[in-house]
Amino acid sequence: MLTNYQTGVYFDEMMKQGGEPKKHYQWFYQLVNQFTERDLMKKHETAQLNFLRQGITFTVYNHTGGTERTMPFDFVPIIIPRQDWEEIEKGMKQRMTALNHFLEDIYHDQEIVEAGVIPRELIENNPYYYNKQVSGIDIPLRNHIFLAGVDLIRDEKGQYRVLEDNLRNPSGMSYVFQNRYVMRQVYPELFFQHSIETLEHQLSELHQAVTSHLPANANPHKSPTAVLLTPGIYNSAYYDHVFLAQQMGIELVEGRDMIVKDDVVYMKTIKGLKRVDIIYRRIDDDFLDPEAFRPDSALGVPGLLRAYRKGNVSILNGIGNGVADDKAMYVYVPDMIRFYLGEDPIIPNVETYFLSDPERLDYVLDHIHELVVKNVGASGGYDMLIGPQSDESEREAFKKKIIEKPHQYIAQPTIKLSRAPAYQEGRFYPCHVDLRVFVMNGEKTNVLPGGLSRVALKEGSLVVNSSQGGGGKDTWILTESGDQHA
């Protein structure tokens, strides 16, 4: 039972240090303590079965190939009071505004470089900087970031901090909606008794954000045709692609389903060719167009970039966004906020060391057992060392990689990530959590209320990625009045 739950030295989302629940969790705490062990096991099984029945899966890649898995789910929600959420919302809107200004700037006038705020070589040497392909293009709404996934953590004092910006193809939005669906099966009574921010209209908000990116040469008298471009069924986030396309009512297509004629993109249908105005792509830049990027790509559409440059099609997210969410560029986002907006960051970064700086490199090599070291180009928890959880041989192997390519790595202090109760294998125990917040940008900016709470279900682990054994929790934002339900 939760009465035996131990918080330890970490900031706990639900519990105070003395073992009492925090004010916004009291009602949930009391409810859970009324359940018998059999009730709890049944709720846990209901949650897992619902995920299985819905076919909610992701793919884990390793040296032998890929394995399809059901997303692990924990039925103890993360509950965020309205006041805290409003601060997160403001911080996310501020951050996305600055990052969008940065992307528009570096593909046009490069004022931030001329001002000496960001080193030119950090941009020009970035593998995701596609200046040759897309510089000077005026894109719809001047908006490069249609959908962002920003990963937040809370430190030992409960301060929210940005861990990472995902501005290329952020995944996981479908799990937010499926987590809510499953929680309604587990706790049907709760959603009528308590005021939890609804997700009901969020997918139509996403659809509006997509269709607001009309290309310059679109027919203004016709509704735009939007599609979701997927690499196909073998992609790890394919479930995400299918769900979002279905819910928005747009076609899910692969590269082979489209063709470019006279610099206009068409989709092949049983009635013939149909013009495509907007492509929400879930394919990396390199694979979009074999004529402009990788000639060996079988996933993209030959000639797509020509159509894009001529204003005949919109591509979301923008090409070349990767230069802004690189882990090295992350260090400069607070400077971008000050430069473009004249404001201090509402939500700070985690302190980060560049290893291309010889002094920092020496410090990190000497203190690697205390730090987290990450490859600036990797994601999903890959090519990362968590110093306190590593052994001597792992640290020595990582040191060799760092010395060989110091510019490829950054280091951060091991933050005591906040924890929350999880219920697995018949008991409650504390697990580390983070929060991926989804920000939709169209004619206006909308922050999905709640986002994806990810939990490191392996006891003691700091890695929340599903590909590394993590799972999900539903995230509840409390409303100020009792008239809204999830």
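Biologist: Where is the place of Asn317, and what makes the peptide bond from Leu316 to Asn317 notable?

Modeller: Asn317 sits in the loop between β12 and α12 (322-325), helices (H or I, at least four residues) and strands (E, at least two) being DSSP runs numbered from the N terminus. The peptide bond from Leu316 to Asn317 is cis, with omega near -15 degrees. Most peptide bonds are trans. This is a predicted model, in which local features need pLDDT of at least 70 and side-chain atom pairs count only at pLDDT 80 or more, while totals for chains, interfaces and linings use all residues. Residues are numbered from 1 along each chain as its sequence is written, and side-chain values use heavy atoms, with hydrogens and water left out.

Biologist: Why is Asp262 called exposed?

Modeller: The relative accessible area of Asp262 is 76%, and the terms are set so that buried means under 20%, exposed over 50%, and partly exposed in between (1.4 Å probe, protein chains only); Asp262 is therefore exposed. This residue is found in the loop between β8 (258-261) and β9 (264-269), and its phi is near 50 degrees, a positive value in a residue other than glycine.

Biologist: How do you know that Glu425 counts as exposed?

Modeller: Its relative accessibility is 77%, so Glu425 counts as exposed. Glu425 lies in the loop between β17 (419-424) and β18 (427-441), and its phi, near 50 degrees, is likewise positive in a residue other than glycine.

Biologist: Why are α9 and α10 called roughly perpendicular?

Modeller: Helix α9 (residues 202-211) and helix α10 (residues 238-248) pack at an angle of about 85 degrees, with their axes 9 Å apart. Axes are lines fitted to C-alpha atoms, for helices over the stretch in contact, and angles run from 0 to 180 degrees between N-to-C directions. Angles under 35 degrees count as roughly parallel, over 145 as roughly antiparallel, 65 to 115 as roughly perpendicular and the rest as oblique, and α9 and α10 are therefore roughly perpendicular to each other.

Biologist: Which residues of α9 and α10 meet?

Modeller: With contact meaning heavy atoms within 4.5 Å, Leu203, Leu206, His207 and Val210 in α9 meet Phe243, Leu244, Gln247 and Met248 in α10. Among the buried residues of α10 are Phe243, Leu244 and Met248.

Biologist: What makes β7 and β12 edge strands?

Modeller: The open sheet has 4 strands in the order β7-β6-β11-β12, with parallel pairing. Two strands pair if DSSP finds at least two bridges between them, and β7 (251-253) and β12 (314-316) each pair on one side only.
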